[in-house]
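Grab a pencil and work through these exercises with the structure open beside you. Try each task before you read its solution.

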Amino acid sequence: MSTTTRVTQRMIADMAGVSQSTVSLVLNGKADEARRIPAATRDRVLEVIRETTYVANPVARSLVGAATGLIGVFTYEPAFPNRSSDFYTPLLTGIESAAEGVGADLLLFTSTPVVDGRRRLFHESNRLRLADGCILLGREMDPDELERLLDSTYPFVAIGRREAADGRVPYVGVDYVSATHALAVRALELGHRRFGLLRLPQTAESSRDRRAGIVAAAAAGSATVAEAEVTPNRTVTDAWASIRSSRPSVVFVEDPADAHELHARLAADRVAVPEDLSVVVLGEHNRAADGPADFTRLRAPRTELGARAVRALTDVLEARRAAPAPSTSAGPPVQELLDCSLVRGATLVAPAV
């Protein structure tokens, strides 16, 4: 058949000796849902698809195991609200740039339901296999879903360190332990011995890593750490009030928005808080700062994270094409941590004598 001929479902049905509706059910992955189609019939339809140019259709290509040239992007939290955009925009910029570099198109999966603020990776209309592989983004990821995805042998790379599935999850993340440890050591060198830490719930690996670096440095430097958790039900003001009696000379704040709120609180409470109280932020906004303080802070390489995740996924896909059959003896998953940079700012100073 000429490669310029437009192959239709009707033509495939004639060549396979089946009805057009049978071809449609096979192409839409519903051969076992709408009605029972014998495996031999399904295989005959797929074999005809392999032999024709109809495999230019991404759905058909994925069904027959051919590369679609699509890289999926799945976000556990909605990516476009203002607050989320600070996290996702640089990641998506890096993903887009790297995908362009390898000649791949991006497919953003948005149809999955949101439950308790997070999307579910697996549901009745899952379309992951339209793409050759997928990049997963999110502060928190469901460990059961990650393990199920690994067991399915579907190629993916998570952005951010992940502990799920006994350490088998492929990821590209940030070395927050080393970064926050270095920040705490700098505070110790300036003479701080009473630390405060306003942190997010310890449900995400990134939050646990940030805390671990500070606690380890404090223990080695004979410093104390007074901690308080900021949640939707516990404001920054409440969290600060719970540790203020420990008289910290430096406060580490995990979330940049919380740091701006704390700064405003301190500005309104000069009597109770010394003016030289240091505030250090364990991250930064993508947008220009929405407050007056030039915080000493960490800057994660988010654009590079996105690009490196695409390259890691591309390596996995290329290795699979070289040896298509999944192998339990394959090498260890990619697990790479990138360094943070320190923005010195103006809010980490020596404590009052």
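## Exercise 1: a strand in the middle

Let's start with strand β5 in this predicted model. Gly-133, Ile-135 and Leu-137 on one side of β5 are buried, and so are Cys-134 and Leu-136 on the other, which leaves both faces covered.

**Task.** Work out how many residues of β5 are buried, and which strands it is joined to.

**Solution.**

Step 1. Find β5 at residues 133–137. Buried means under 20% relative accessible area. By that cut-off, five of the five residues in β5 are buried, and the strand is mostly covered.

Step 2. Look for strand β1, residues 70–75. It runs parallel to β5, and five bridges join the two. To see the match-up, pick Phe-74: it stands opposite Leu-136 in β5.

Step 3. Now turn to strand β6, residues 156–159. It is also parallel to β5, with three bridges joining them. Here Leu-136 stands opposite Ala-158 in β6.

Step 4. Follow the chain through helix α6, residues 143–151. Together β5, α6 and β6 form a β-α-β unit, and this unit is right-handed.

## Exercise 2: the sheet around β5

**Task.** Put the strands of the parallel sheet in order and say which ones stand at the edges.

**Solution.**

Step 1. Walk across the open sheet: the six strands come in the order β2-β1-β5-β6-β7-β13, with parallel pairing.

Step 2. Check the ends. β2 (105–109) and β13 (335–338) each have a single partner strand, so one side of each has no neighbour in the sheet.

Step 3. Look at the twist. Ignoring direction, neighbouring strands here are turned by 20 degrees against each other on average.

Step 4. Find what packs on this sheet: helix α12, residues 302–322, touches β1, β5, β6, β7 (171–174) and β13. The direction of α12 makes about 160 degrees with that of β6.

## Exercise 3: a sheet with mixed pairing

**Task.** Do the ordering again for the sheet that contains β8, then find a parallel pair in it.

**Solution.**

Step 1. Six strands make up this open sheet, in the order β9-β8-β10-β11-β12-β14, and the pairing is mixed.

Step 2. The edge strands are β9 (224–229) and β14 (341–343). Each has a single partner, so one side of each is left without a neighbour in the sheet.

Step 3. Zoom in on β8 (residues 194–199) and β10 (residues 250–253): they run parallel and are joined by four bridges. Within this pair, Leu-198 stands opposite Val-253 in β10.

## Exercise 4: two helices that pack

**Task.** Describe how α8 and α9 pack, and what kinds of residues make up the contact.

**Solution.**

Step 1. Two packed helices are described by an angle between their axes and a distance between those axes. For α8 (residues 176–189) and α9 (residues 205–220), the angle is about 35 degrees and the axes are 7 Å apart.

Step 2. Give the handedness: the crossing of α8 and α9 is right-handed.

Step 3. List some contact residues. Among them are Tyr-176, Val-177 and Leu-188 in α8, and Arg-210, Ile-214 and Ala-217 in α9.

Step 4. Sort the contact by class: nine residues are nonpolar, four polar and two charged.

Definitions and conventions:
Residues numbered from 1 in each chain as written. Predicted model: local features only at pLDDT ≥ 70, side-chain atom pairs only at ≥ 80, totals over all residues. Heavy atoms only, no water. Axes fitted to C-alpha atoms, helices over the stretch in contact; angles between N-to-C directions. Left-handed = near helix turned anticlockwise from the far one by under 90°. Contact = heavy atoms within 4.5 Å. Nonpolar A, V, L, I, M, F, W, Y, C, P; charged D, E, K, R; others polar. Pairing = 2+ DSSP bridges. Buried < 20%, exposed > 50% of the residue type's maximum accessible area, 1.4 Å probe, protein only. Right-handed = clockwise from strand over helix to strand, strands pointing away.
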